[in-house]
Amino acid sequence: MGRHGMGTRNEMGDHLLDFLSEHDLLAANTCFQHSSRHKTTFTGWRKDWSAGRRSNKTFPVYSQIDYVLCRNRSKSLLVNARSYAGTYTYSDHRLVVAKLDFGKIPLCFKRPNNCMLNFNTSELTSNKD
């Protein structure tokens, strides 16, 4: 994962990290520096136990659990990746969008070496036997 992730990683995050490294993938929305409101992809609610057992007070918990995965070699195509709130869906998740620049697509693929082959032309003489 990138250096701009959010929070601490749990066991499932370790499994995701193993999957990413095993398949040479990259979590695109952890590569770009954004404010925390553009990093969080999930909003949950937890009960505030400090207010008492019978209290109905809750507080929001923000986390980053939704990712856009791409190949590591395609990293040069990424322009930006972040989450957007305010979509008209009934979900506690946010929309995660990655912007790509396909004009840089030749940078993703290794070019073959165009080296000249040297032949020993002295051995290419014909025999008249």
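Asp24 counts as partly exposed, at 45% relative accessibility. This value, like the others reported here, comes from a predicted model. The residue sits in the loop that links helix 1 (11-22) to strand 1 (25-27). Its backbone is notable in one respect: Asp24 has a positive phi of about 55°, although it is not a glycine.

The loop belongs to a chain with two helices and six strands. Read from the N terminus, the order of elements is α-β-α-β-β-β-β-β. The protein chain has 129 residues, and 21% of them count as buried.

Cysteines were examined next. A disulfide is a covalent bond between the sulfur atoms of two cysteines. The search covered the whole structure and found zero disulfides. Why does Cys31 form no such bond? The closest cysteine sulfur to that of Cys31 belongs to Cys70, and it is 7.0 Å away, too far for a bond. A disulfide requires the two sulfur atoms to be within 2.5 Å. The result holds from the other side as well: for the sulfur of Cys70, the closest cysteine sulfur is in Cys31, again at 7.0 Å and too far for a bond. The surroundings of the two residues were also assessed. Cys31 is partly exposed, with a relative accessible area of 24%. Cys70 counts as buried, at 16% relative accessibility. The cut-off for buried is under 20% relative accessible area, so Cys70 falls in that class. Cys31, at 24%, therefore does not.

Aromatic residues gave a mixed picture. A pair of aromatic rings is described by the distance of the centres and the angle of the planes. No such pair was available to describe: the search of the whole structure found zero aromatic pairs. Charges placed over rings were found, however. The charged end of Lys47 sits over the ring of Trp49, at 5.2 Å from the ring centre. Arg82 lies over the face of Tyr84, and here the distance to the ring centre is 3.9 Å.

A further aromatic residue, Phe102, appears at the surface. Phe102 is found in the segment after strand 6 (95-100). Is this residue buried or exposed? Phe102 is exposed, with a relative accessible area of 54%. The cut-off for exposed is over 50%, so Phe102 passes it. Phe102 also contributes to a nonpolar surface patch, together with Leu100 and Ile105. The area of this patch is about 280 Å².

Note on methods: Residues are numbered from 1 along each chain as its sequence is written. This is a predicted model: local features need pLDDT of at least 70, side-chain atom pairs count only at pLDDT 80 or more; totals for chains, interfaces and linings use all residues. Side-chain values use heavy atoms; hydrogens and water are left out. Rings of Phe, Tyr and Trp (its six-membered ring) pair if their centres lie within 6.5 Å; planes under 30 degrees apart count as stacked, over 60 as edge-to-face and the rest as tilted. A charge sits over a ring if NZ of Lys or CZ of Arg is within 6 Å of the ring centre and within 35 degrees of the ring normal. Patches are made of residues with over 30% relative accessible area and no salt bridge: like charges are joined within 9 Å, nonpolar side chains (Val, Leu, Ile, Met, Phe, Trp, Tyr) within 5 Å. Accessible areas come from the Shrake-Rupley method with a 1.4 Å probe; for residues, only the protein chains shown count as cover. A salt bridge is a side-chain nitrogen of Lys or Arg within 4 Å of a carboxyl oxygen of Asp or Glu. Helices (H or I, at least four residues) and strands (E, at least two) are DSSP runs, numbered from the N terminus. Buried means under 20% relative accessible area, exposed over 50%, partly exposed in between (1.4 Å probe, protein chains only).
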